[in-house]
Amino acid sequence: MLVALSAGGCTGRRDESAPEGFRPGAPGIGDPYFPTYGNGGYDVASYRLQVRYDPATDELTGDASIEATATQDLSRFNLDLAGLTVSSVQVDGTDAAHARTGNELVITPATGLGRGDRFGVRVRYSGKPVPITNAELGSGGLLHTSDGAIALGQPESASTWFPVNDHPLDKATYQVEATVPEGLAALSNGVPGGSSTDAGWTTWRWAERAPMASYLVTLVIGSYRVSTGTHAGKPLVTAIAADLPAGGPAERSLARTGEIADFLATRFGPYPFDAYGGIALADSRIGYALETQSRPVYGPAFFTEGPNLEVVVHELAHQWFGDSVSIERWSDLWLNEGFASYAEWLWTEHDGGPSAQARFEQEYARTDWAEPALDPGPSEIFSRAVYQRGALAVHALRRTVGDESFFRILRSWAAEKRDGNATTDELVAHAERVAGRQLRPLFDAWLSGTTAPPLP
Ligand code: TRP
Ligand code: ZN
């Protein structure tokens with residue numbers, strides 16, 4: 001859509017209340033795959049989300065406090081919000097005008113916000129959350145379950161339960177305070193801040209202090225067996241749906257979280273976050289696992305045939321590749337999925353299974369080279385090529401530069417881009433710098449070439 005692609009800074013009409021030269025922020029952050037995702041004109045530093053959810057009525061009441069900095073002279077700006085009803089918006093404590101168009105909340109502050117100004121937005125809202133349906137990519141958002149709710153999804157989920165700059169390019173810290181009927185758990189990302197009960201409602205507090213992409217925020221409410229411990233001096237919280245068998249495959253798999261994270265740290269460098277954990281779901285409508293920051297969420301299908309460590313390895317590898325080092329645009333998703341898939345090969349080899357080389361040869365033989373891993377098109381971001389050709393490209397790099405350079409490239413990449421965003425071009429440049437040789441043709445052939453590259 002033209003309106004979404006255009007920079008609001010050039011096309012918007014001036015609002016009366018803002019000084020000359022102040023313009024609306026763009027309604028999208030500028031991702032060619034998803035032009036309406038995120039917004040322009042500001043950068044969020046932190047979200048504080050206070051939400052109350054009643055599973056009996058599916059009613060959510062929210063109070064979101066957002067700290068941001070204007071990146072242009074702003075007359076107004078958007079947040080992404082799908083469904084729900086906004087009752088009030090304040091900017092820096094003063095009531096602001098607000099309107100809804102599609103999944104956008106348009107906020108016009110009483111006075112303009114100058115470029116570089118730090119400002120606070122408070123949004124009070126309520127309603128029954130409705131997931132975003134996407135026929136090609138699967139739906140995302142807050143899903144009502146038999147005993148609670150699950151907020152999960154990629155590339156979109158957050159805007160169904162809070163107002164957000166919904167794109168991985170604008171990472172921010174999060175405090176989540178979720179109030180649920182006494183007896184239910186409410187799990188989210190990061191370090192647990194304890195819970196307190198008042199008049200039949202329990203508030204669970206969570207803090208993710210490292211910048212987090214919005215699709216990595218989760219909220220899981222329901223009957224769970226929650227275990228809180230520590231690993232390597234950091235909190236480790238795992239939650240197993242009460243409907244899953246005690247001591248069953250999901251529980252036994254998630255119990256390996258600390259050990260698997262430690263293994264990955266030997267390959268990728270120090271674990272990047274302040275907390276560990278995992279959440280195992282019983283609701284079979286969730287057919288995926290997702291690398292929600294510091295605490296991945298696992299659908300039940302992974303554990304129907306016994307323990308599954310590969311999925312735990314995959315989601316934990318994303319903590320380095322995807323969560324700490326995040327994509328700048330969705331066409332680069334292989335940067336997440338290629339490395340997470342490759343981590344499975346490393347684990348299998350370490351665990352006494354087939355070698356990474358054997359997995360590489362097997363995948364190589366079954367690859368359809370017509371499908372690119374890089375820039376696969378918006379409907380193909382979760383395609384087999386993104387995952388498996390991505391992993392092949394990583395192993396091809398290893399074979400080409402040798403183990404010593406390869407693991408140096410991985411570790412220094414994770415360290416230098418920690419808590420940030422990155423692109424494929426930056427990875428190629430980084431690998432070339434560390435290895436001291438030209439690698440662009442290698443990456444091009446393995447990620448985008450239309451014929452099988454020669455085996456390195
Ligand atoms: N990124 C997830 C993984 O690789 C998989 C995934 C794709 C997903 N689309 C999703 C998970 C939607 C949850 C919802 O582990
Ligand atoms: Zn993945």
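**Close-up 1. D92, in the loop between β4 (85-91) and β5.** This is a predicted model, and our tour starts in one of its loops. D92 has a phi near 50°, which is a positive value in a residue other than glycine. Is D92 buried, partly exposed or exposed? Its relative accessibility is 49%, so D92 counts as partly exposed. For background, most residues other than glycine have a negative phi.

**Close-up 2. A199, in the loop between β13 and β14 (201-212).** Here's another residue with an unusual backbone angle to look at. A199 isn't a glycine, yet its phi is positive, at about 50°. With 69% relative accessibility, A199 counts as exposed.

**Close-up 3. The cis peptide bond between Q154 and P155.** Omega for this bond is about 5°. To find P155, look in the loop between β10 (149-152) and β11 (172-181). As a rule, most peptide bonds are trans.

**Close-up 4. An open sheet of 8 strands with mixed pairing.** Follow the strands across and you'll read β5-β4-β8-β2-β1-β11-β14-β13. Which strands sit at the edges? They are β5 (94-95) and β13 (191-198), each pairing on one side only. Inside the order, β2 (residues 59-70) and β8 (residues 118-127) run antiparallel and are joined by 10 bridges. To pick out one bridge, start at A68 and look for its partner in β8, F119. In general, the strands of a sheet pair through backbone hydrogen bonds, either parallel or antiparallel.

**Close-up 5. The hairpin of β6 and β7.** Strands β6 (residues 97-101) and β7 (residues 104-108) run antiparallel, with 5 bridges between them. A99 stands opposite V106 of β7. There are 2 residues between the strands, and G102 takes a positive phi near 55° in this hairpin.

**Close-up 6. N78 and its contacts, including E104 and V106.** N78 belongs to strand β3 (residues 77-80). Its relative accessibility is 5%, so N78 counts as buried. What joins the side chains of N78 and E104? It's a polar contact of 2.9 Å. Leaving aside neighbours within four places in sequence, N78 is in contact with P27, N39, Y42, E104, L105 and V106. Two of these names may ring a bell: E104 and V106 are in β7 (residues 104-108).

**Close-up 7. An open sheet of 5 strands, also with mixed pairing.** The order this time is β16-β17-β18-β20-β19. At the edges stand β16 and β19 (289-290), each with a single partner strand, so one side of each has no neighbour in the sheet. Strands β17 (residues 234-241) and β18 (residues 276-280) run parallel and are joined by 5 bridges. In one of these pairings, L236 has Y276 of β18 as its bridge partner.

**Close-up 8. H231, in strand β16 (residues 224-231).** H231 has a relative accessible area of 15%, so this histidine is buried. A polar atom of its side chain lies 3.2 Å from the backbone oxygen of G258. Setting aside residues within four places in sequence, H231 is in contact with L236, G258, E259, D262 and Y276. L236 and Y276 are the bridge partners from the previous view.

**Close-up 9. The zinc ion (ligand 2).** Which residues coordinate the zinc ion? They are H314 (NE2), H318 (NE2) and E337 (OE), at 1.9 to 2.0 Å. Along the chain, these donors follow the spacing H-x3-H-x18-E. H314 lies in helix α5 (residues 309-320) and E337 in helix α6, so the pair ties together parts that are 23 residues apart in sequence. Both H314 and E337 are buried. The 4 donor atoms subtend angles of 98 to 140°, which makes the arrangement around the zinc ion irregular.

**Close-up 10. Inside the largest nonpolar core.** This core has 138 residues, and W161, F162, L264 and W334 touch the most other members. Which helix gives the most to the core? It's α6 (residues 334-350), with 9 residues. Zoom in on F162 and, not counting residues up to four places away in sequence, you'll find that it touches Y47, L49, D80, L81, Y125, Y174 and V217.

**Close-up 11. G420, in strand β22 (residues 420-422).** G420 counts as buried because its relative accessibility is 18%, under the 20% cut-off. Beyond residues up to four places away in sequence, G420 touches K171, S324, V325 and S326. R76 is 344 residues away along the chain, and the C-alpha atoms of G420 and R76 are separated by 27 Å.

Technical notes. Residues are numbered from 1 along each chain as its sequence is written. Chains are lettered from A and ligands numbered from 1 in the order in which they are written. This is a predicted model: local features need pLDDT of at least 70, side-chain atom pairs count only at pLDDT 80 or more; totals for chains, interfaces and linings use all residues. Side-chain values use heavy atoms; hydrogens and water are left out. Two strands pair if DSSP finds at least two bridges between them. Helices (H or I, at least four residues) and strands (E, at least two) are DSSP runs, numbered from the N terminus. A nonpolar core is a set of buried Ala, Val, Leu, Ile, Met, Phe, Trp, Tyr and Cys residues joined through side-chain atoms within 4.5 Å. Buried means under 20% relative accessible area, exposed over 50%, partly exposed in between (1.4 Å probe, protein chains only). Contact means heavy atoms within 4.5 Å. Donors are N, O and S atoms within 2.8 Å of the metal (3.2 Å for Na, K and Ca); water is not among the atoms, so sites may look incomplete. Four donors count as tetrahedral if all angles lie between 85 and 135 degrees; four count as square planar and six as octahedral if opposite donors are over 155 degrees apart and all others between 65 and 115; anything else is irregular. A polar contact is a pair of N or O atoms within 3.5 Å; within protein, one must be able to donate a hydrogen and the other to accept it, and residues adjacent in sequence count only if both atoms are side-chain atoms.
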